[in-house]
Every structure is written in structure tokens, then in C-alpha cells.
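Here is a friendly walk through how the chains of this model meet and how some of their helices pack. Have the structure open as you read.

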Amino acid sequence: MEISRTHAAGGLPAAFMTPGSASFSDFLASHAPQMLPGSRVLPPGQVDAPHGTTIVSATFPGGVIMAGDRRATMGNVIAQRDIEKVFPADEFSCVGIAGTAGLAVEVVRLFQVELEHYEKIEGAQLSLDGKANRLATLIRNNLPMAMQGLAVVPLFAGFDLETHAGRIFSYDVTGGRYEEHAFHAVGSGSMFARGSLKKLYGPDLTESDTVAVCVEALYDAADDDSATGGPDLARKIYPVVLVVTADGVRRVPEDEIGGIVNQVVDARLARPDGPTGLRSS
Amino acid sequence: MSMPFYVSPEQIIKDKADYARKGIARGRSVVVVQYTGGIAFVAENPSRALHKVSEIYDRIAFAAVGKYNEFENLRVAGVRLADMRGYSYDRRDVTCRGLANAYAQTLGTIFTENNKPYEVEMVVAEIGDSADADQMYRLTFDGSVADEHGFVAMGGQSDQIATALTARYTEDLELGPAVALAVSVLGKHGAPEPRTLDSSQLEVAVLDRTRTVARKFRRLSGERLTSLLADQPDES
């Protein structure tokens, strides 16, 4: 019988059969640590790598919106003009990333598998706080790389099925997790975006008005931060906008977001600094 | 000093197989049926928490009968394997065939090397873009794999159920009739006395080709299952 040999070739290693954690990243840490972004040992020194920039998020009655511009920069060069930095994390949450693009995308993929893995093993979804805490752990594990300049700073938003409201969580590179109220922005253009949101956001805006406010905020970020890309009307490259409600995550379709972007840009042609007061809804 | 009795390898294998078969025969049955829009999994299972049918990956699901802790162990291992493969390569690179092979090797090793074989029988199934691309593999306690088409019955009364299905199954069933057929044969042949199973005694899930999301696995329970079964003409 050759079964022992074939077992080594194709059977499931003992680690797979060990009962225990429902966490995919914990499983990788014990079985294949080289696959985790945080456990790599880097040689000293700095590398130039593309950076993703501004992400904004805002709640509205019944959900939450997350939007990101499409630019990645490497020093003064635009590394990519149509990068996507906002992703669905699972059915009821999404994650946007600022920082080193390559690592950030890897962390997002790991986070997506982490949530799906838990759901399949346990037969239930994590609570929104549970998801936010898992993301904090993944970011914390990345701290050694952050200290070498490869930081990843996410923004997490989701629909809380218990409180029936949209919620936003921000993070720092040490894995600190902070719940934000109403709206938040991360990335190099975030201070301009946040300033814009402060003036334009209202807690009782409708879903479509909140999307428009987020697009305005990204426009203002791109206006003053060279690393944030404004809407590219010539190439029809518009911000990625995700809406999370009780029905799940929905990406605002290209033609719909195109319409909103064109309205915003048209208004800016008349008044380049944007609307003056609260938007009338 | 007493000499241990000589037991022939044939006898050891036979004893183990009999032991495993007996364990599996004690449990309630599971039927897996192909329908036009995908694959339906119907289990007689009064528990809402201890599943016999589960999602493995986007297009792959798992159904098992036998000893819960043993097939649960294999299910978790399958989810880990699928997620790890999908994470390191791509979601499209996770296949049912790879999973069935890994399970077969594992069950084969356990059967020959352990004193106690696993008392489980499982189906891993994957839906393709059309019904002829669907795959169903039945795995038994000794690691043997069978490539199945149309339907699979496992568990206590699997022979009687399979006979009944052979007579009544046709290839062009829609979801409703397919689930109704499975429920009907489970009720009639799944126990010594024929019964009528209602939705609270059933665990039903489908791999649904028509879903627009990547994860095609969906459970049908409660109201949805009751109304699906109520819409079907009474087959008797």
C-alpha cells in the first residue's frame, strides 16, 4: 500500500485537522507564517513604492458610504490613475486603504478571507465590532513594516445589523481602533476632505446627497493635495463609491457616479471653491 | 507468555469497514440532487446548529453523514484548504477535484493507519457554468472516491433511497420539484416507517448558478423552504 506516501503528496496536513481557531490569519500564523504580510523580515533601508491616498466615509440614515479617489503616487510620479482603494470586506462592510498600495491590497485580501473564513467555520457572521477588531489586529501585525515606511492605514465602515445603523472605524499604524461619528477621512488629502465634509455633511442627508457630499470632499482633497486624483472626465475615471445598507454592499454604478461627478464639476465651473452652505436636500 | 492471535489483513480491513458502515447506517440520510439551476442538498436534520450541509468555497459545498465530530473536522480542514489555496493563488483556482483528492488521501490514511476508521460518508460538489459542468464526488470512509451524476444518497437507508430516486429522477428538474423529490424519498424511505417531513425537520441548501454574487451557496430554511415545498404538487 502506498497510502502513506500519497498522503504526504496530497492528503491534508495535521494542522488542517487540528480543531481550534476560526481565524484564517491565526491559522496561517501557525501553519504558513511566510504568507502573512506582517511576519516578513525586511532588510534595513527604504523602498519607493506606490502610495494610495484619500478615502472618505460618511453615514446617512440607514447606512454608510465610502468613497476613494483613483490615484496612486510614487514620489512626484502618478503611479496609477485608476487604482481601486475601496473594497467590500463582506456582505455588510467595506474597507478603504491609504498608504503603501501593494501591502494595503494584501491586507485587504487577508481581511476579506478572514471574515469569510470565520463565517464559514462558525456558521455566523462576526459582529461589526468583531470585524473592526480583527482588522485592528491585522494592522498591528504590520507595525514592523510601518516603522520602515510601509504603513497601511485603513478606514472601515459597515452596517451594524444589531443597531441598524451605519458605523465608521478609523485606525492608526499601531492598530489603534477608533469609532468615528458621522464622517471621517484618511490619507494624504484627508484634512482637506474632512474640512469639506464638516461644512457640507448633515446627519439627515439622503443616500444620494451623501454620495454627492463625499464626491465634493474628494474634489476638495484633490484640489489641494497633489497625491489625490480629481475626477478624470476625459478618461471617465470616477471615484469608487460603495454604499452599505441593510441590503448589503452596493457599488454605485459607473454611469450613476458619472452623473453626480459631472454635476459637481459643473457647479465648480461656476464656483471653483464649491458650495457655500449646507446642501439643500 | 501468551502469543497474540494472528489476524489476517483481509479480516482487519473487513472488520474496520463493517464497523464504519454500521456507524454510518445509524444516522439519518442526506440526498444531493442536480437541478437545472444548480445542485440541491437535502438532509433530514432537526438541528438548526449542527449542520450536515455547508459551504466550502464560492462554487463548492459539502454534505456528510455519520459521526458529527469526524465530518466536522474534515469540513473545517476543507474550508482551510480552500481558503488558503484561494488566498495564495486565485479564487478560480480552488476546485472540487483538488478538495476531493485531499479528502480521499486523508480518509484512506486514517482507514489504514488508525485502529478506528472515520464513520463518515461525504459528498463534495461544485457547480459549473452549465449543468454538464457540475461535479459531484462521493467519498467513503476508506478513501474511495466516486464521480456521481444526477443524484447521490448517503446514510442509513441510502440503498432504498437511491432505488427510489433512480425510478423518479429526471435530468430537467427545476429547484422546487428537485427539493420536493428529495424530501419525498427521504420521508418515504429514510426510516422503516414512511413519514411526511416538514421544513423544521429538514436542512436544505443549494449551490445556485443564478446567484449574481461570487458565493453561490445559499441555505433555504423557515418560511422560504415551507413555501417552496407548499408550491409543489403532492407527490405520492
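Helices α4(A) and α2(B) are roughly antiparallel to each other, a label that applies because angles over 145 degrees count as such, with under 35 roughly parallel, 65 to 115 roughly perpendicular and the rest oblique. Helix α4 covers residues 101-122 of chain A and helix α2 covers residues 68-88 of chain B; their axes come within 11 Å and cross at roughly 165°. Axes here are lines fitted to C-alpha atoms, for helices over the stretch in contact, and angles run from 0 to 180 degrees between N-to-C directions. Helices (H or I, at least four residues) and strands (E, at least two) are DSSP runs, numbered from the N terminus.

A word on the ground rules: this is a predicted model, in which local features need pLDDT of at least 70 and side-chain atom pairs count only at pLDDT 80 or more, while totals for chains, interfaces and linings use all residues. Residues are numbered from 1 along each chain as its sequence is written, chains are lettered from A and ligands numbered from 1 in the order in which they are written, and side-chain values use heavy atoms, with hydrogens and water left out.

**The interface between the chains**

The crossing of α4(A) and α2(B) is right-handed, meaning that the near helix is turned clockwise from the far one by less than a right angle (anticlockwise would be left-handed). On the α4(A) side the contact residues include A:Glu106, A:Arg109 and A:Lys120, and they meet α2(B) residues including B:Glu72, B:Arg80 and B:Asp83. Contact means heavy atoms within 4.5 Å. By class, this contact has six nonpolar, two polar and eight charged residues. Ala, Val, Leu, Ile, Met, Phe, Trp, Tyr, Cys and Pro count as nonpolar, Asp, Glu, Lys and Arg as charged, and the others, Gly among them, as polar.

Helix α3 (residues 24-31) of chain A also packs on α2(B), at an angle of about 85° with the axes 11 Å apart, and that makes α3(A) roughly perpendicular to α2(B). A:Phe24, A:Phe27, A:Leu28 and A:His31 make this contact with B:Arg80, B:Asp83, B:Met84 and B:Tyr87. Five nonpolar, one polar and two charged residues take part.

How many residues of chain B are in contact with chain A? There are 32, and they touch 31 residues of chain A. The two chains bury about 2,600 Å² between them, 59% of it on carbon and sulfur atoms; buried area is the accessible area (1.4 Å probe) that two parts lose on being put together, summed over both. B:Arg80, B:Met84 and B:Tyr87 supply 35% of the area that chain B buries against chain A, more than any other three residues.

**Salt bridges**

Three salt bridges link chain B and chain A, and the whole structure has 37 over all chains. A salt bridge is a side-chain nitrogen of Lys or Arg within 4 Å of a carboxyl oxygen of Asp or Glu. Two of them are listed here.

| Pair | Closest N and O atoms |
|---|---|
| B:Asp83 and A:Lys120 | 3.0 Å |
| A:Arg167 and A:Glu179 | 2.8 Å |

The pair of A:Arg167 in strand β9 (residues 165-171) and A:Glu179 in strand β10 (residues 177-180) links distant parts of chain A, twelve residues apart.

**Within chain A**

A:Gln148 is found in the loop between α6 (143-146) and β8 (152-160). A:Gln148 and A:Leu42 are 106 residues apart in sequence and 8.5 Å apart in space, C-alpha to C-alpha.
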